[in-house]
Amino acid sequence: MNFVFPEQPTVSLPIVGSDQRFPIRRVYCVGRNYVEHAQEMGFTGREPPFFFLKPADAVVPAGIGQAISIPYPSLTKNLHHEVELVVAIGTGGKNIAAADAVKHVFGYAVGLDMTRRDLQGEAKKTGRPWEIGKAFDHSAPIGPITPIAKSGAITAGEIQLTVNGKTTQKSDVAKLIWSVNEIIEHLSAAWELQAGDIIMTGTPEGVAAVVSGDTMVASCVGCQGLTVRVS
Ligand code: MN
C-alpha cells in the first residue's frame, strides 16, 4: 500500500498463555451498569443500557505482570478512575441473542475507563457529546486478556480497585445491571460486532479522583491484575 505517511500501528493486548496478541478494532463502553454507581451519579439505576466508544488508540496495553503509566491528561482538574470488566470479542455478529452471546467471547481483562469528570459533567449539562470527557488519549489502560477457555464465562466474583493501597471501588460482577450476555445482545443490535472489538462493561460505585503520582491496582475475578501509575 502506498500511503502518504506511515500508517498507525494496530493497538493490541497480550493474551495470557500465548505469544499471540489480540488486535483491537473498536472499544465499546457501557454507561451506568451498576445500581450503586448510577445512584452516585444521580440516576435511579434502572434504565436501558446505553453505549459510547473510545478510539482504539486510547487503549494503553499492559504486558503480563507489567505496570504501566499514563500521563495526567490536559484540560481537567478531576480525573476519575472507573474499574471495569472488559470483554474481548473473538467472533463477530449482529443481532446476537443473549443465549448465544458467550460463543462470541474470546476472553476477559480488567481495564480502567479513565474519565475527565469535570468535562463529562459540562457535556451532560449542555447536552453535548461525551468524547472530550471519555475518549481522550491514554483513557483506557487495559490488562492482558485471559481466554475464556481458561477463565470460563465470568458472571460473578470480585472486582476491585485500590489507589495507593487503599480500596476505592469494590463490588461483584454479578451486580451488573445488564449482564455480559445482555450487553452483547443490545450492542449487536446497534452495531455489527467484529473480532477485535472490546467492551468495557461499566463501573461499580466508588469512582474517585486521582492525581499525578497515584498508583491504581485493578483486579477482577478470572483476569490478570493491572497496575497503572499516573505520571
Ligand atoms: Mn465507565
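The exercises below, each with a worked solution, explore a structure that is a predicted model.

**Exercise 1. Find which protein donors hold the manganese ion, and describe how they are spaced along the chain.**

Step 1: The protein donors of the manganese ion are Glu82 and Glu84, each through an OE atom, and Asp113 through an OD atom, and they lie 2.0 to 2.2 Å from the ion.

Step 2: Read along the chain, these donors follow the spacing E-x1-E-x28-D.

Step 3: As for their surroundings, glutamate 82 and glutamate 84 are both buried.

**Exercise 2. Work out how strand S8 is placed, beginning with whether its residues are buried or exposed.**

Step 1: Strand S8 covers residues 83–89, and seven of its seven residues are buried, which leaves the strand mostly covered.

Step 2: The residues of S8 point in two directions, with Val83, Leu85, Val87 and Ile89 on one side and Glu84, Val86 and Ala88 on the other, and all of them are buried.

Step 3: On one pairing, S8 is joined by seven bridges to strand S9, and the two run antiparallel; within this pairing the bridge partner of glutamate 84 is glycine 111, while valine 87 stands opposite tyrosine 108.

Step 4: S8 is also joined to strand S15 (residues 198–200) by three bridges, again in the antiparallel sense, and here alanine 88 stands opposite isoleucine 198.

Step 5: Glutamate 84 therefore belongs to two parts of the picture, since Glu84 is one of the donors of the manganese ion and is also a residue of S8 with a bridge partner in S9.

**Exercise 3. Explain why strand S9 can be called largely enclosed, and name the strand S12 residue that stands opposite tyrosine 108.**

Step 1: Strand S9 runs over residues 105–112, and because seven of its eight residues are buried, the rest of the structure largely encloses it.

Step 2: Besides its pairing with S8, S9 pairs with strand S12 (residues 146–147) over two bridges in the antiparallel sense.

Step 3: In S12, the residue opposite tyrosine 108 is threonine 146, and this tyrosine also has valine 87 of S8 opposite it.

**Exercise 4. For the open sheet with the order S10-S7-S16, decide which strands stand at the edges.**

Step 1: The sheet has three strands and its pairing is antiparallel.

Step 2: Strand S10 (115–116) and strand S16 (208–209) are the edge strands; each has a single partner strand, so one side of each has no neighbour in the sheet.

Step 3: Strand S7 (residues 79–81) pairs with S10 over two bridges, and in this pairing histidine 80 has threonine 115 as its bridge partner.

**Exercise 5. Determine how many cavities of 30 Å³ or more are counted, and which elements give two or more residues to the lining of the largest.**

Step 1: The count comes to one cavity of 30 Å³ or more, and about 100 Å³ of space lies in the largest cavity.

Step 2: The lining is made up of 16 residues, of which Gly31, Arg32, His37, Glu82 and Lys134 are the closest to the centre.

Step 3: Strand S3 (27–31) and helix H2 (117–126) are the elements that give two or more residues to this lining, and H2 gives the most, with three.

**Exercise 6. Compare where serine 12 and arginine 32 are found, and identify the side chain that makes a polar contact with each.**

Step 1: Serine 12 is found in strand S1 (residues 12–14), whereas arginine 32 is found in the loop between S3 and helix H1 (35–40).

Step 2: Serine 12 has a relative accessible area of 15% and arginine 32 one of 16%, so each falls under the 20% limit and counts as buried.

Step 3: The side chain of serine 12 forms a polar contact of 2.7 Å with that of arginine 21, and the side chain of arginine 32 forms one of 3.5 Å with that of glutamate 47.

Step 4: Leaving aside neighbours within four places in sequence, serine 12 is in contact with Arg21, Phe22, Pro23, Ile24 and Pro61; on the same basis, the contacts of arginine 32 include Phe43, Glu47, Phe50 and Trp130.

**Exercise 7. Establish whether proline 129 is buried or exposed, and where in the chain it lies.**

Step 1: Proline 129 lies in the loop between H2 and helix H3 (131–134).

Step 2: Its relative accessibility is 59%, so proline 129 counts as exposed.

Technical notes. Residues numbered from 1 in each chain as written. Predicted model: local features only at pLDDT ≥ 70, side-chain atom pairs only at ≥ 80, totals over all residues. Heavy atoms only, no water. Helix = DSSP H or I, 4+ residues; strand = E, 2+ residues; numbered from the N terminus. Buried < 20%, exposed > 50% of the residue type's maximum accessible area, 1.4 Å probe, protein only. Polar contact = N/O pair within 3.5 Å; in protein donor to acceptor, adjacent residues only side chain to side chain. Contact = heavy atoms within 4.5 Å. Pairing = 2+ DSSP bridges. Donors = N, O, S within 2.8 Å, 3.2 Å for Na, K, Ca; no water. 1 Å grid on protein atoms, 1.4 Å probe; cavity = no way out; pocket = protein on both sides within 12 Å on 5 of 7 lines; lining within 4 Å. Points joined across faces, edges and corners; volume = space filled by probe spheres on them.
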